[in-house]
Amino acid sequence: MLKKGQICFSKAGHDKGGAFIILNSDDTYAYIADGKLRTLEKPKKKKRIHIQISNEVNSEIENMLENELYINDSHIRKALAKYNKTCN
């Protein structure tokens with residue numbers, strides 16, 4: 001099951017290998033953003049089979065999305081940078 005604020009990676013397409021945060025999802029699609037090319041205003045609509053889910057959920061982003069608090073692209077970029085820093 002996909003959660004808001006969960007970090008995922010693209011397995012197919014032009015953005016293959018890129019890290020994203022899940023903003024929303026339904027039965028077929030996940031709506032993802034990276035804060036750079038795919039912003040909150042224009043999230044990528046990606047089939048669920050084309051993303052690889054990590055076990056990492058950014059609790060700050062999850063809280064903002066669940067409670068409909070103000071969030072911008074810099075929050076997304078910072079969360080992904082923090083995740084990349086802990087992985088390397």
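Biologist: How do the residues lining the largest pocket divide into nonpolar, polar and charged?
Modeller: In this predicted model, the lining consists of five nonpolar, four polar and four charged residues.

Biologist: Which of the lining residues lie nearest the centre of that pocket?
Modeller: Of the 13 residues in the lining, Asn58, Glu60, Lys78, Ala79 and Lys82 are nearest the centre of the largest pocket. Two or more lining residues come from each of β5 (51-57), α1 (59-66) and α2 (73-87).

Biologist: And which element gives the most to the lining?
Modeller: Helix α2 does, with six residues.

Biologist: How much space lies in the pocket?
Modeller: The largest pocket holds about 220 Å³ of space.

Biologist: Let us turn to the interior. How many residues has the largest nonpolar core, and which have the most contacts inside it?
Modeller: The largest nonpolar core comprises 14 residues. Ile21, Leu23, Ile61, Ile71, Ile76 and Leu80 have the most contacts inside that core. Strand β2 (19-25) and the helices α1 and α2 each give two or more residues to this core. Its largest share, four residues, is supplied by α2.

Biologist: Which residues is Ile21 in contact with, sequence neighbours aside?
Modeller: Once neighbours within four places in sequence are set aside, Ile21 is in contact with Gly5, Gln6, Ile7, Tyr31, Ile32, Ala33, Ile61, Ile76, Ala79 and Leu80. Another core, of seven residues, lies apart from the largest one, and its members include Leu2, Cys8, Ala30 and Ile51.

Biologist: Changing topic: how many salt bridges does a search of the whole structure find?
Modeller: The search finds two salt bridges. One of them joins the side chains of Glu62 and Lys3, at 3.7 Å from N to O. Glu62 belongs to helix α1, whereas Lys3 is in the segment before β1 (6-10), and the two are 59 residues apart.

Biologist: Are Glu62 and Lys3 buried or exposed?
Modeller: Neither label applies, because both fall in the partly exposed class: Glu62 has a relative accessibility of 21%, and Lys3 has a relative accessible area of 39%. The cut-off for buried is under 20%.

Biologist: What about the salt bridge that Lys46 forms?
Modeller: Lys46 pairs with Asp15, and their closest N and O atoms are 3.1 Å apart. Lys46 is in strand β4 (residues 44-47) and Asp15 is in the loop between β1 and β2, so this salt bridge ties together parts that are 31 residues apart in sequence.

Biologist: Is Lys46 buried or exposed?
Modeller: Lys46 counts as buried, because its relative accessibility is 6%.

Biologist: Why can such side chains pair at all?
Modeller: Side chains of opposite charge can pair when their charged atoms come close.

Biologist: Back to Asp15. Which residues is Asp15 in contact with, leaving aside its neighbours in sequence?
Modeller: Beyond its neighbours within four places in sequence, Asp15 is in contact with Ser10, Phe20, Lys44 and Lys46. The C-alpha atoms of Asp15 and Lys44 are separated by 10.0 Å, and these residues are 29 apart along the chain.

Biologist: One last topic, the backbone. Which residue has a positive phi although it is not a glycine?
Modeller: Glu68 has a positive phi, about 55°. Most residues other than glycine have a negative phi.

Biologist: Where is Glu68 found, and is Glu68 buried or exposed?
Modeller: Glu68 is in the loop between α1 and α2. Glu68 is exposed, because its relative accessible area is 74%.

Key:
Residues numbered from 1 in each chain as written. Predicted model: local features only at pLDDT ≥ 70, side-chain atom pairs only at ≥ 80, totals over all residues. Heavy atoms only, no water. 1 Å grid on protein atoms, 1.4 Å probe; cavity = no way out; pocket = protein on both sides within 12 Å on 5 of 7 lines; lining within 4 Å. Points joined across faces, edges and corners; volume = space filled by probe spheres on them. Nonpolar A, V, L, I, M, F, W, Y, C, P; charged D, E, K, R; others polar. Core = buried A, V, L, I, M, F, W, Y, C linked by side-chain atoms within 4.5 Å. Buried < 20%, exposed > 50% of the residue type's maximum accessible area, 1.4 Å probe, protein only. Contact = heavy atoms within 4.5 Å. Salt bridge = Lys/Arg side-chain N within 4 Å of Asp/Glu carboxyl O.
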